[in-house]
Amino acid sequence: AKDLEISGTGYRAQLVGINELGLRRAGLSVERIALLRNAYRDLFLSDTTRLLALERTEQALVPKSQDVFELCQFIRGSKSGVCRPRAGLRATDPYEG
């Protein structure tokens with residue numbers, strides 16, 4: 001999952017988006033990055049619970065993407081949870097790391 005970079009910043013890390021530049025440099029295709037971007041939005045920027053968002057993402061995107069599968073597995077396997085997105089970040093906000 002080394003290629004699944006999600007950027008955080010500051011002392012109290014908060015998610016701001018996927019690191020598209022890093023993913024491109026790692027050789028991921030535009031299609032793979034788009035699927036990860038969609039998964040990020042579904043998982044972290046939706047108006048639903050994290051568990052419901054995770055289940056929906058697994059049903060909708062995992063069959064299309066090994067990268068999304070690894071991201072979902074990482075989240076499910078986390079013993080201490082995952083960071084929250086930066087306050088006020090909307091699903092339409094662009095971020096390029």
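**Exercise 1. Overall layout**

Among contacts in the protein between residues at least 6 apart in sequence, what percentage join residues at least 24 apart? State also how many helices and strands there are, and in what order the elements run.

Solution.
- Step 1. The model is a predicted one.
- Step 2. Take the contacts between residues at least 6 apart in sequence: 53% of them join residues at least 24 apart.
- Step 3. Four helices and two strands make up the secondary structure.
- Step 4. Read from the N terminus, the order is β-β-α-α-α-α.
- Step 5. The protein has 97 residues, and 32% of them count as buried.

**Exercise 2. The salt bridge of Arg 37**

Find the partner of Arg 37 in a salt bridge, and say where each residue lies.

Solution.
- Step 1. The structure holds three salt bridges.
- Step 2. In one of the three, Arg 37 pairs with Glu 20, and their closest N and O atoms are 2.9 Å apart.
- Step 3. Arg 37 sits in helix α2 (residues 30-44) and Glu 20 in helix α1 (residues 20-25), so the pair links distant parts of the chain, 17 residues apart.
- Step 4. To class the two residues, recall that buried means under 20% relative accessible area. Glu 20 has 11% and is therefore buried. Arg 37, at 24%, counts as partly exposed.

**Exercise 3. The salt bridges of helix α4**

Which residues do Asp 67 and Arg 76 pair with in salt bridges? Class each of the four residues by accessibility.

Solution.
- Step 1. Asp 67 forms a salt bridge with Arg 32, with the closest N and O atoms 2.7 Å apart.
- Step 2. Because Asp 67 lies in helix α4 (residues 66-77) and Arg 32 in helix α2, this pair ties together parts that are 35 residues apart in sequence.
- Step 3. Asp 67 is buried at 7% relative accessibility, whereas Arg 32 is partly exposed at 34%.
- Step 4. The side chain of Arg 76 meets that of Glu 58 in a salt bridge, at 2.8 Å from N to O.
- Step 5. Arg 76 belongs to helix α4 and Glu 58 to helix α3 (residues 50-60); the two are 18 residues apart.
- Step 6. Both count as partly exposed: Arg 76 at 40% and Glu 58 at 23%.

**Exercise 4. Packing of α2 and α3**

At what angle do α2 and α3 pack, and which residues meet?

Solution.
- Step 1. The angle is about 150°, and the axes are 8 Å apart.
- Step 2. An angle over 145 degrees counts as roughly antiparallel, so α2 is roughly antiparallel to α3.
- Step 3. From α2 come Ala 39, Asp 42, Leu 43 and Phe 44; from α3 come Arg 50, Ala 53, Leu 54 and Thr 57.
- Step 4. Sorted by class, this contact has five nonpolar, one polar and two charged residues.

**Exercise 5. The largest nonpolar core**

Which residues of the largest nonpolar core touch the most other members, and which element supplies the largest share of the core?

Solution.
- Step 1. The core has 18 residues, of which Leu 36, Leu 43 and Val 68 touch the most other members.
- Step 2. At least two residues of the core come from each of β2 (14-18), α2 and α4.
- Step 3. The largest share, seven residues, is from α2.
- Step 4. Now follow Val 68. Setting aside neighbours within four places in sequence, Val 68 is in contact with Leu 35, Leu 36, Ala 39, Thr 57, Leu 61 and Val 62.
- Step 5. As background, nonpolar side chains tend to be buried together in soluble globular proteins.

Key: Residues are numbered from 1 along each chain as its sequence is written. This is a predicted model: local features need pLDDT of at least 70, side-chain atom pairs count only at pLDDT 80 or more; totals for chains, interfaces and linings use all residues. Side-chain values use heavy atoms; hydrogens and water are left out. A salt bridge is a side-chain nitrogen of Lys or Arg within 4 Å of a carboxyl oxygen of Asp or Glu. Buried means under 20% relative accessible area, exposed over 50%, partly exposed in between (1.4 Å probe, protein chains only). Axes are lines fitted to C-alpha atoms, for helices over the stretch in contact, and angles run from 0 to 180 degrees between N-to-C directions. Angles under 35 degrees count as roughly parallel, over 145 as roughly antiparallel, 65 to 115 as roughly perpendicular and the rest as oblique. Contact means heavy atoms within 4.5 Å. Ala, Val, Leu, Ile, Met, Phe, Trp, Tyr, Cys and Pro count as nonpolar, Asp, Glu, Lys and Arg as charged, and the others, Gly among them, as polar. A nonpolar core is a set of buried Ala, Val, Leu, Ile, Met, Phe, Trp, Tyr and Cys residues joined through side-chain atoms within 4.5 Å.
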